[in-house]
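Here is a two-chain model to work through. The report below starts with its nonpolar packing and then turns to the chains, their contact and the confidence scores.

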Amino acid sequence: MQVFKLFLKILRKKTAVALIYFAVFITLIIAMTYTNNQTAVFEQKRLNICVFDEDDTPESRALSALIAKENDIISLENDRDVLLDALYYEQADYILTVRRGYAEKLGSGSADSLFDNMYMHDSYATAYMEQYLNEYVRTVRGYLAAGKSQDEAVGAAADAVSAKTDVSIAAEESRQSALSEKAALYFRYLPYILISTLMNVMCPVLLAITRKDVRFRTNCSGLPPTRGTMQIFAGSAIFVSITWLLFAVIGCAINGSLSSSELWLALLNSSVFLLFSAALTVFVASFNPETGKINILTQIISLGMCFLCGVFVEQPLLGEKVLRAARFLPAYWYIKVTRMLDGSEVYQRNTVITAILMELGFAAVTAILTVLIRRLKYSRSGISVSA
Amino acid sequence: MKQSVVKIENLVKRYGDLIALDHFSLDIREGEIFGLLGPNGSGKTTTINCLLALLSFDKGDIEIFGKKMTPTSYEIKQEIGIIMQNVAVFDELTVYENIDYFCGLYISDREKRKQYVEEAIQFVGLDEFRKFRPKKLSGGLLRRLNIACGIAHKPKLIILDEPTVAVDPQSRNRILEGIAELNRNGATVIYTSHYMEEVEQLCTRIAIMDRGRKIAEGTTDELKRMICNTETITIEALALTDEIVKTVSELPHVYDTAYDGTKFTVFCSGGKHNLLRILGVLQEHSVSIGRVFSERPTLNDVFLEITGKALRDKGE
């Protein structure tokens, strides 16, 4: 069991790196899970506006009334220090003074010196109110230019700027699943974490053990290469199992209950995807990449696959062409199952089985490709034995 | 006669159109330090790789300890120690762990292995570096670690493939002394190198390789006897005339001369008192001379004469 022990020994030397990855990924995944669970509802915010009407005409009163519709009007003493304090302590978001002669200037089409205002620089409330007032004045001038009377123009402009666009955020409202919402999100992000962890930790260990010169030396010994390979396989299997167990326990803890069949299916789905991730790691290692480039490769593969397959963006929001291409990647099928388990899609037993089999197929194909590449490499170099 | 340890017969290895080994044969006896000498690309490492069944070959037979060597001859491999040209150790393990790992591939008994590892560490003088990782070791120390990993299991046959490449003179001497000691302890050694002085100093028998073929084999003295040159005389002399050079060239046993304006080199083949005769000619012509050297041929001369002049020219 010398090679097996070597695998574990080198893995142990990389424990610090592995633990950093685990800690970062677990923190990341839990943070993503817990920050992404707010009910997606759009709600318009009301600002605190203080209005001083120096003009006191029907036009200026109409503007005040319009502002009051969508914001809260607050009363403040018309004293510079009081107003600045109100802005500073965020009692008021914007202080508007409708200047004397507002109605007259508006009627003549002038837009100069209609208002005085006090505000906090660079606040979104200021930007919003400035835009709102400009739009209102521009609309009134537009109606006046179109031949409407001043009363009609003010009324029409008020209607125009009050027009609302209904905002709704895509949300899975029909969701009905025993898998908790947080656990569903956790399992959704898992492919990225599994690929990243396995590739970043296991790939350097495999590269160290299968480095050409030490492999030659090992092949010169009395250890049959098949036995050496089996020992590497056993070491990898232990690491992969521990990784899965760790993430599975966290998944169960996030879900809270162990009794739902959806949870167990999600665990099965993740274990099959883990097999693919392990096969992918061995596949990448068979190309002997430089150790420093493993992280870059990992990011390209994991992020690329996850973005294409709907890990970070919901599958229904991805384009048809993207989804068509994503079908050739295992993460697509993983997400397909996850969406059925969390109630985002109607649960279909056959589809779940097909998807899991597809993931297994990808793992098998990757493993076969790895074997073929290794054989090709050895036959090219004329090596008669390989570990 | 001692028993044959390695027997190679008519080994042929091709890389496409290139013939790396051309009907190469060898017979190495127990207790020998056998040198494989040849320039880079002559086929030394290919021979070693075929010998260890790391490389498949096109034709020929290899026997080690009287048994046919195949990739699955694990019982033979158990008795072989290999020290490759490149340092083949794990950067992630310490000196002790590296030796322990490679020794463990042969020795499963933990106590015995511990003892062997300790002995190997002492043998190569890495005691104070046992907890060091390879990256912290100098080039010479790394080579010693490489050797320790190859010999810790006390093999009967040790193969060293250019173990002193890029090693400082102090470490080189230590390595050569170590190899001689391993041989004294009973191991048969195959030593490949393109450093002729090393091979001459260390090996009991030598095979000279060129272009995948064995072009000569024997002890150092036997090889030296194969060549025409027996003595090279160099004399520092100024203003030699063509007539003087011609007179010396016509002396008995002189087969070649060279004069570059300051150094007069005379190549002799056999005979005695060559130096006295040459000095006599110079004295007759009142030539003032500086330092005088008389050298016996080295393996370098053997190699140059055989590969550079005789055999290669014949083949071409």
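## Nonpolar cores

In this predicted model, the largest nonpolar core holds 152 residues. Seven residues have the most contacts inside it: L37(B), I99(B), A120(B), A148(B), A152(B), V189(B) and Y191(B). By element, the largest share comes from helix α8 of chain A, residues 181-209, which supplies 20 residues.

What does A152(B) touch, leaving aside residues up to four places away in sequence? Its partners are I99(B), F102(B), C103(B), Y116(B), V117(B) and A120(B). I99(B) and A120(B) are themselves on the list of residues with the most contacts in the core. Another core lies apart from this one. It has 22 residues, including L47(A), V51(A), Y94(A) and M129(A).

## Chain A

Chain A contains 15 helices and four strands. Why is chain A described as more spread out than a compact globule? Its radius of gyration is 32 Å, while the globule rule gives 21 Å for 387 residues; the value is well over the rule, so the chain is more spread out than a compact globule. Along the principal axes, the C-alpha atoms fill a box of roughly 105 × 45 × 40 Å.

The domain assignment splits chain A in two. Domain 1 covers 2-38 + 178-381, and domain 2 covers 48-162. Domain 2 thus falls, in numbering, between the two segments of domain 1. Over C-alpha atoms, the centres of these two domains of chain A are 59 Å apart. Buried residues make up 35% of the 387 in chain A. Of its contacts with a separation of 6 or more, 74% join residues 24 or more positions apart.

## Chain B

Chain B has 11 helices and 14 strands. Its C-alpha atoms occupy a box of roughly 80 × 45 × 40 Å along the principal axes. Of its 316 residues, 40% count as buried. Residues 24 or more positions apart provide 68% of the contacts in chain B with a separation of 6 or more.

Chain B also has two assigned domains: domain 1 (4-225) and domain 2 (231-296). Their C-alpha centres lie 44 Å apart.

## The contact between the chains

How many residues does each chain bring to the contact? Chain A gives 21 residues and chain B gives 23 residues. On the side of chain A, the elements that give two or more residues are α1 (2-13) and α9 (212-220). The largest share there comes from α9(A), with seven residues. By type, the chain A side divides into 10 nonpolar, seven polar and four charged residues.

## Confidence

The model scores ipTM 0.76 and pTM 0.71. Chain B averages a pLDDT of 88, and 97% of the residues score at least 70.

Where in chain B is confidence lowest, and where is it highest? The lowest mean, 60, belongs to helix α11(B), residues 299-315. The highest, 95, belongs to helix α3(B), residues 95-104. Residues 309-316 of chain B stay under a pLDDT of 50. For that stretch, the model has five contacts beyond four places in sequence. Where pLDDT is low, the predicted coordinates should not be read in detail.

Terms used
Residues are numbered from 1 along each chain as its sequence is written. Chains are lettered from A and ligands numbered from 1 in the order in which they are written. This is a predicted model: local features need pLDDT of at least 70, side-chain atom pairs count only at pLDDT 80 or more; totals for chains, interfaces and linings use all residues. The radius of gyration is taken over C-alpha atoms; the globule rule is 2.2 Å times the number of residues to the power 0.38. A residue is buried if 20 or more other C-beta atoms lie within 10 Å of its own, exposed if 12 or fewer, and partly exposed in between; C-beta atoms are placed from the backbone. Two residues are in contact if their C-beta atoms, placed from the backbone, lie within 7 Å. Ala, Val, Leu, Ile, Met, Phe, Trp, Tyr, Cys and Pro count as nonpolar, Asp, Glu, Lys and Arg as charged, and the others, Gly among them, as polar. A nonpolar core is a set of buried Ala, Val, Leu, Ile, Met, Phe, Trp, Tyr and Cys residues joined through C-beta atoms within 7 Å. Domain bounds come from an automatic or database domain assignment. pLDDT is the predictor's confidence in each residue, from 0 to 100.
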